[in-house]
Amino acid sequence: MVGGLACIAAGSIAGLFWPNPTRLTFLNVGQGDCAVFQTHGSTIIIDTGPADARSDAGSKIVVPKLREMGISGIDLILLSHPDMDHIGGTGAILHEYPSATLAVSSFFRHNHQLLEQLAKWGRRAEDVKWLGSELRGKIGEFNIRVECPPITENEETNDGSMIVRIADGEGSAVFTGDAPTKVEEEVEPLGDWHAEIMKAGHHGSHTATSQSWIESVRPEFAVISCGRNNRYGHPHKEVIDRLMEDKVQICRTDREGDIVFTFKNGRFVRD
Ligand SMILES: [Zn+2]
């Protein structure tokens, strides 16, 4: 399936002379994840923020932000795993940007919550791009690699969180959804995960971001996406201590709001 994502991002060729800079934005969606990657006129979203019966970060936060950012179309929405703090905002985003392609690990093809949500969003399962275990493609000048860890029925959805790396030379970022340490260990030998920017797994929980994973990624920045005073105590002190010991700059959405990196001279620079 090498190159499978390149087709999705075919629109990027037309955007080669797009005046807007390449930018990676971690939106402050509270206790959840939502990252927006823009390059050469292509836009990819990795996770869509949380929603519950009372509140929907998609309509309240993500869509207004995307409008403010001047985004007129979305090429691809990658959903790391079907937990509501990662997929909750999808419906609102699809309503605003109906041509976006949804891509999900094929290991969640029969996940009840996901199928229920798909019906709510007015999407059929056949409309989803179900990703196999490994995919590589291009988004503008960036290489994108996606690993979907296999998951059995008895495992938690977190265990199937997709691992995504985008890279153009030194400018690179890696996303692990809520993948626990055992998944970090599984994917470590599968290739080069070095990234300037690491989204700390599982909102900075001690279940993720092992010492070994930090050494594989060797990040300059770790972004922790979590809600202020969240009930899980994220981020956990062990993770903060590990990152600080390795002199990784910690960026937290709960304290700093949206976290924006712009690609300049081949590297991501914090705005
Ligand atoms: Zn989560």
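Along the chain, the residues that donate to the zinc ion follow the spacing D-H-x91-D-x24-H. This is a predicted model, so treat what follows as a walk through computed geometry.

**The zinc site**

Who are the donors? Asp-85 and Asp-178 each offer an OD atom, while His-86 and His-203 each offer NE2, at 2.0 to 2.1 Å from the zinc ion. The angles between the four donor atoms run from 89 to 143°, and that makes the arrangement irregular. For a tetrahedral label, all angles would have to lie between 85 and 135 degrees. His-86 sits in helix 3 (residues 84–87), and His-203 sits in the loop between strand 11 (197–199) and helix 7 (211–217), so this pair ties together parts that are 117 residues apart in sequence. His-86 is buried, with 0% relative accessible area, and His-203 is buried too, at 1%.

**Helix 8**

Moving on to helix 8 (residues 237–245), which residues are buried there? They are Val-239, Ile-240 and Leu-243. Looking down the axis of helix 8, the buried residues fall within an arc of 100°, so they line one face of the helix. That buried set packs against strand 11, helix 7, strand 12 (221–224) and strand 13 (249–252). Over on the other side of helix 8, you'll find Lys-237 and Glu-245 exposed. Just past the end of helix 8, Lys-247 takes a positive phi of about 60°.

**Two aspartates**

Now for a pair of aspartates outside the zinc donor set. Asp-254 belongs to helix 9 (residues 253–256), whereas Asp-271 falls in the segment after strand 15 (267–270). Is Asp-271 buried or exposed? At 52% relative accessibility, Asp-271 counts as exposed, while Asp-254 is buried at 9%.

Each has a side-chain polar contact to show:

| Aspartate | Partner side chain | Polar contact |
|---|---|---|
| Asp-254 | Arg-252 | 2.7 Å |
| Asp-271 | Thr-262 | 2.7 Å |

Leaving out residues up to four places away in sequence, Asp-254 touches Cys-226, Gly-227 and Arg-228. By that same rule, Asp-271 touches Arg-23, Val-260, Phe-261 and Thr-262. Thr-262 therefore turns up both as a touching residue and as the polar partner of Asp-271, because its side chain lies within the 3.5 Å cut-off for a polar contact. Finally, Asp-271 and Gly-73 are 198 residues apart along the chain, and their C-alpha atoms are separated by 23 Å.

How values were computed: Residues are numbered from 1 along each chain as its sequence is written. This is a predicted model: local features need pLDDT of at least 70, side-chain atom pairs count only at pLDDT 80 or more; totals for chains, interfaces and linings use all residues. Side-chain values use heavy atoms; hydrogens and water are left out. Donors are N, O and S atoms within 2.8 Å of the metal (3.2 Å for Na, K and Ca); water is not among the atoms, so sites may look incomplete. Four donors count as tetrahedral if all angles lie between 85 and 135 degrees; four count as square planar and six as octahedral if opposite donors are over 155 degrees apart and all others between 65 and 115; anything else is irregular. Helices (H or I, at least four residues) and strands (E, at least two) are DSSP runs, numbered from the N terminus. Buried means under 20% relative accessible area, exposed over 50%, partly exposed in between (1.4 Å probe, protein chains only). A polar contact is a pair of N or O atoms within 3.5 Å; within protein, one must be able to donate a hydrogen and the other to accept it, and residues adjacent in sequence count only if both atoms are side-chain atoms. Contact means heavy atoms within 4.5 Å. The arc is that of the directions from the helix axis to the C-beta atoms.
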